[in-house]
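I opened my notebook to a clean page for this one. Here is what I looked up, entry by entry.

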Amino acid sequence: MRDSYLKILVGKVVLTAVLAFSSIVSADAVSDRHLVFWTNGPDRYADGSSVLDGECYALVCTKAGATFAGFNADCTLVDAQTSTLVHVAPLAVKGHCRYTDFIVDGALSAAHAGDVWKVYLLDTRRRGGALAELDENGRPTRVNGYGLADGEVRFGSSGMTATAALQSENPGSVTDSRSSDAFAPTPRITGMRLEGGKVVLTVAGTVPSLDYDLAGGTTPDALAAGVAAEPVEGAAERTITLRAEAVAGAGFFKVIRAK
């Protein structure tokens, strides 16, 4: 039986959520809830390109009164004390989130009854353009950025849901917020040499969910970003190599996150 229906119209994007309550089998049992959502699209990355088939969307609930702090690049949450990553899956097809019926565990939905529930589009592309692999839990191994699929679902204390109809001029879901790299260790330059007119740096302490670049210049306090010949994906258990042009007087380098 459908207890409530939430439809949120956002420009050309429609996020629809239906919560269906299963029968209660005992006086103290908590029923599971079916959360149905999709977007009409077009959903896009921050560079304007359409989301790839198999791109991920994430369902997150955040405590009432708190602000969602975002995703880390390894697909964990920046603030796991106030937000919970309920579900993430490769749901994109033909530029939008396909129709998805997600069963929310009854105990989980009861525990987060007062939270704000939202769906986010993720950008999980690797440097070469392919989507990042999923880990053993089905979560992407990198998140470059994310964007809100406008709309929210609230669970009231009575077990019912509030309904809302919101309108926006946004053309679609866009991954316009960059993921955080604050969780990652500070990379260390462990070696530097000249080779074929280039400075070659060996770097340790990187993570595979981030791409790395170089900042360089004539003094440590005046470094220009983006001087590496090519950004390189990090690696958890080995060093990586970054190369830059060997310019006279430009002898200072710092490893930075690539754009």
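**Entry 1: the whole protein**

What percentage of the 259 residues of the protein count as buried? I looked it up and found 43%. A reminder to myself: the model I am reading is a predicted one.

Next I went through the secondary structure, and I noted one helix and 20 strands. I also checked how far apart in sequence the contacting residues are. Among contacts with a separation of 6 or more, 68% are between residues 24 or more positions apart. For the surface, I wrote down about 13100 Å² exposed by the protein, with 52% of it supplied by carbon and sulfur atoms.

**Entry 2: the nonpolar cores**

Which residues have the most contacts inside the largest nonpolar core? My list reads F37, Y57, L59 and W117, in a core of 18 residues. I then looked for the elements that give two or more residues to this core, and they are β3 (33–37), β5 (56–62), β6 (83–90), β9 (100–104) and β10 (116–123). Another core lies apart from it, and I counted V203, L214, A228 and V255 among its 16 residues.

**Entry 3: the pockets**

A thought before I start: rolling a probe the size of a water molecule over the atoms shows where empty space is left.

I took the largest pocket, which has a volume of about 330 Å³. Its lining has 18 residues, and those nearest the pocket centre are D123, N144, R178, A258 and K259. I sorted the lining by type and got ten charged, five polar and three nonpolar residues.

Then I turned to the second largest pocket, with about 180 Å³ of space. Which residues line this second largest pocket? I wrote down R126, A132, E133, T141, R142, P208, S209 and E233. By type, they divide into four charged, two polar and two nonpolar.

**Entry 4: E245 and its contacts**

I found E245 in strand β19, which covers residues 240–245. Is E245 buried, exposed or partly exposed? Its relative accessibility is 48%, and exposed means over 50%, so E245 counts as partly exposed.

I also asked what E245 touches. Setting aside neighbours within four places in sequence, I found E245 in contact with G197, K198 and V199. I liked the pairing with V199: E245 and V199 are 46 residues apart in sequence, yet their C-alpha atoms are 6.0 Å apart in space.

**Entry 5: backbone details in the loops**

I looked at the loop between β3 and β4 (44–45), where P42 lies. The peptide bond that joins G41 and P42 is cis, and I noted an omega of about 5°.

Next came two residues with positive phi. C75 sits in the loop between β5 and β6. Its phi is near 75°, a positive value in a residue other than glycine. K94 is not a glycine either, and its phi is positive at about 50°. I found K94 in the loop between β7 (92–93) and β8 (96–97).

Is C75 buried or exposed? Buried means under 20% relative accessible area, and C75 has 2% relative accessibility, so C75 counts as buried. K94 has a relative accessible area of 77%, so K94 is exposed. I put these two loop residues side by side on my page: C75 is buried, whereas K94 is exposed.

Terms used:
Residues numbered from 1 in each chain as written. Predicted model: local features only at pLDDT ≥ 70, side-chain atom pairs only at ≥ 80, totals over all residues. Heavy atoms only, no water. Core = buried A, V, L, I, M, F, W, Y, C linked by side-chain atoms within 4.5 Å. Buried < 20%, exposed > 50% of the residue type's maximum accessible area, 1.4 Å probe, protein only. Helix = DSSP H or I, 4+ residues; strand = E, 2+ residues; numbered from the N terminus. 1 Å grid on protein atoms, 1.4 Å probe; cavity = no way out; pocket = protein on both sides within 12 Å on 5 of 7 lines; lining within 4 Å. Points joined across faces, edges and corners; volume = space filled by probe spheres on them. Nonpolar A, V, L, I, M, F, W, Y, C, P; charged D, E, K, R; others polar. Contact = heavy atoms within 4.5 Å. Areas by Shrake-Rupley, 256 points an atom, 1.4 Å probe, with all protein chains shown as cover.
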